[in-house]
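Subject: Structure handover and notes on what was found

Dear colleague,

I am passing on the structure we discussed, and the notes below it are meant to be read with the structure open beside them. Please go through them at your own pace.

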Amino acid sequence: MADDQTFYGSDFGALQAFDPDIAGVLLSELDRLRGGLQLIASENLSSPAVLTALGSTLSNKYAEGYPGRRYYGGCSEVDKAETIAIERAKALFDAEHANVQAHSGASANQAVYGAFMQPGDTLLAMSLPMGGHLTHGSKVSFSGKWFDAVGYGVDKDTENIDYDEVEALAKEHRPKVICAGGSAIPRLIDFERFRAIADEVGAILWVDAAHFIGLVAGKAIPSPVPYADVVTFTTHKVLRGPRSGALVCKAEHAAALDKAIFPMMQGGPQMHTIAAKAVNFKEAASPEYAQYAKDVIANSQQLAASLLELGVRPTTGGTDTHLSLLDLQGIGVTGKDAEARADAAGIVLNKNAIPFDPQKPNIASGIRVGTPSVTTQGMGTEEMKQIASLIHRAITEGDADPDHAVSKAVRAEVTDLVTRFPAYPR
Ligand SMILES: *Cc1c(COP(=O)(O)O)cnc(C)c1O
């Protein structure tokens with residue numbers, strides 16, 4: 001058995017000696033992560049165990065195919081890693097089948113199109129400006145170029161998914177696939193209603209759980225798995241694993257989806273990432289992770305409530321999940337300016353279109369904030385109240401210039417906070 005630690009991968013000393021340029025980037029990125037408040041809703045801080053598997057020799061191995069049926073020799077060890085990852089994913093999500101080879105969320109989504117649709121077929125999915133994702137039929141994505149994508153939106157008053165509209169569009173367009181899920185949906189999705197609509201028109205129900213799958217893993221919100229034909233997800237958002245994707249599905253679709261991932265869409269699987277996904281699924285099955293998932297939501301709800309008190313309105317009036325979408329029209333700041341002012345104050349978040357946004361997407365009237373990273377750092381609801389006030393000060397009184405007095409003052413408070421709750425504590 002190999003016992004030389006340096007052969008397991010991550011040997012930072014060797015990298016520093018050979019390539020100080022890239023070693024320097026790795027160090028300064030760690031400083032950046034530690035130095036600011038990370039509120040990007042789709043990001044998290046994966047564990048040293050996950051990072052170690054990612055930085056391992058499994059990266060070398062070609063393993064086209066699936067465990068026990070590969071196109072290459074020498075797969076005995078990586079077969080073990082992939083089998084463990086599959087079994088853990090099935091157990092974690094109580095699923096009949098799992099495929100852990102997707103390189104990313106977008107690749108997992110491609111497999112759904114590959115398995116169930118032919119070019120020209122109709123998809124019904126949430127439109128991008130209403131909270132959907134590029135891969136759900138946007139004209140700039142393969143999904144909108146090759147398929148006839150019909151978009152649904154949210155109700156003007158509630159800002160929640162308009163299920164009656166989904167049903168009417170489904171009956172009118174008879175889509176092959178109906179997609180539920182998106183990138184800026186703060187509320188729970190009614191999977192049962194989606195299932196009923198899909199059954200009514202004979203469509204496949206696909207849930208893109210990229211954002212919220214971690215909350216499902218932690219049993220903090222209801223699971224789409226009992227309702228959906230297929231659930232695709234990323235592993236690096238709330239779930240807190242490596243940057244990658246995966247899917248779980250009903251047994252009847254297993255062969256079609258496996259073939260769509262490989263050989264239709266991808267080549268050799270990234271075995272180091274698959275090993276890291278296995279580690280992540282083990283972490284996510286723990287009681288500590290279940291508590292984490294609940295804390296993420298409690299923090300998110302506190303952050304939204306505190307921002308509302310300050311006059312920054314969360315769309316839909318609040319959140320059930322790790323993210324909220326904030327309408328800045330009431331305080332007269334654009335999403336673009338808010339992002340730049342927050343950044344100057346050490347707060348990392350993103351501008352985001354809100355439903356029925358009068359601004360262009362690159363300006364936007366909103367920002368999106370999420371609590372996965374700050375919760376990983378151990379912050380709680382008291383800190384969320386403070387963060388709300390820091391965001392508010394930075395975007396209403398601050399400036400995009402980091403030397404502005406308010407930007408500086410807020411940054412000093414951010415530094416104090418992240419020193420008490422460090423990312424990757426030493
Ligand atoms: C993040 C996201 C994806 C894409 O994931 P990548 O890993 O960036 O390809 C797909 N769908 C939704 C809803 C997402 O939020």
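**Gly 132 and the annotated binding site**

Gly 132 is buried, since its relative accessible area is 4%, and the cut-off for that class is under 20%. Please keep in mind throughout that this is a predicted model. Gly 132 sits in the loop that runs between β5 (122–126) and α6 (142–146), and, once its neighbours within four places in sequence are left aside, it is in contact with Met 126, Ser 127, Gly 182 and Ser 183. His 133 belongs to the loop between β5 and α6, but it is partly exposed, with a relative accessible area of 26%. If residues up to four places away in sequence are not counted, His 133 touches Leu 128 and Ser 183.

I began with Gly 132 and His 133 because both appear in the UniProt record, where an unreviewed entry lists Leu 128, Gly 132, His 133, Leu 134 and Glu 252 under "binding site". These residues span 125 residues in sequence, and the farthest two of their C-alpha atoms are 30.2 Å apart, so they do not all gather at one spot. Of the listed residues, Leu 128, Gly 132, His 133 and Leu 134 are included in the lining of the second largest pocket.

**The second largest pocket and the two domains**

The second largest pocket holds about 510 Å³ of space, and it is lined by 22 residues, of which Leu 128, Pro 129, Gly 132, Asn 352 and Ala 353 are the closest to its centre. Sorted by class, its lining consists of 11 nonpolar, seven polar and four charged residues.

Where does the second largest pocket lie with respect to domain 1 and domain 2? Domain 1 (57–284) and domain 2 (290–420) both give residues to its lining, so the pocket lies between them. The protein is divided into these two domains, with the bounds 57–284 and 290–420, and their centres, taken over C-alpha atoms, are separated by 29 Å. The contact between them takes 24 residues from domain 1 and 26 residues from domain 2.

The UniProt record, again an unreviewed entry, also carries the annotation "domain: Serine hydroxymethyltransferase-like", which covers residues 15–391. That span is 44% helix and 15% strand, and the C-alpha atoms at its two ends lie 38 Å apart.

**The largest pocket**

The largest pocket has a volume of about 930 Å³. Its lining is made up of 29 residues, and those that lie nearest its centre are Glu 29, Leu 33, Ser 46, Leu 51 and Tyr 424. The elements that give two or more residues to this lining are α1 (12–18), α2 (20–35) and α3 (48–54), and among the contributing elements α2 gives the most, with six residues. By class, the lining of the largest pocket has 13 nonpolar, 10 polar and six charged residues.

Ala 17 lies in helix α1, and this residue is exposed, with a relative accessible area of 67%. The C-alpha atoms of Ala 17 and Lys 385, which are 368 residues apart along the chain, are separated by 44 Å.

**Backbone points to check**

Most residues other than glycine have a negative phi, and most peptide bonds are trans. With that in mind, three places in the backbone may deserve your attention when you go through the model.

- Phe 262 and Pro 263 are joined by a cis peptide bond, with omega at about 10°, and Pro 263 has its place in helix α10 (residues 254–265).
- Asp 94, although not a glycine, has a positive phi of about 55°; it lies in the loop between α4 (76–93) and β4 (97–99) and is exposed, with a relative accessible area of 68%.
- Arg 174, which is not a glycine either, has a positive phi of about 45°, and its place is in the loop between α7 (163–173) and β7 (177–180).

With best regards

Definitions and conventions: Residues are numbered from 1 along each chain as its sequence is written. This is a predicted model: local features need pLDDT of at least 70, side-chain atom pairs count only at pLDDT 80 or more; totals for chains, interfaces and linings use all residues. Side-chain values use heavy atoms; hydrogens and water are left out. On a 1 Å grid over the protein atoms alone, a cavity is a set of points where a 1.4 Å probe fits but cannot get out, and a pocket is an open set with protein on both sides within 12 Å along at least five of seven lines; lining residues have an atom within 4 Å of a point. Grid points are joined across faces, edges and corners, and a volume is the space filled by probe spheres set on the points. Helices (H or I, at least four residues) and strands (E, at least two) are DSSP runs, numbered from the N terminus. Ala, Val, Leu, Ile, Met, Phe, Trp, Tyr, Cys and Pro count as nonpolar, Asp, Glu, Lys and Arg as charged, and the others, Gly among them, as polar. Domain bounds come from an automatic or database domain assignment. UniProt positions are given in the numbering used here, feature names are shortened, and annotations may be inferred rather than shown by experiment. Buried means under 20% relative accessible area, exposed over 50%, partly exposed in between (1.4 Å probe, protein chains only). Contact means heavy atoms within 4.5 Å.
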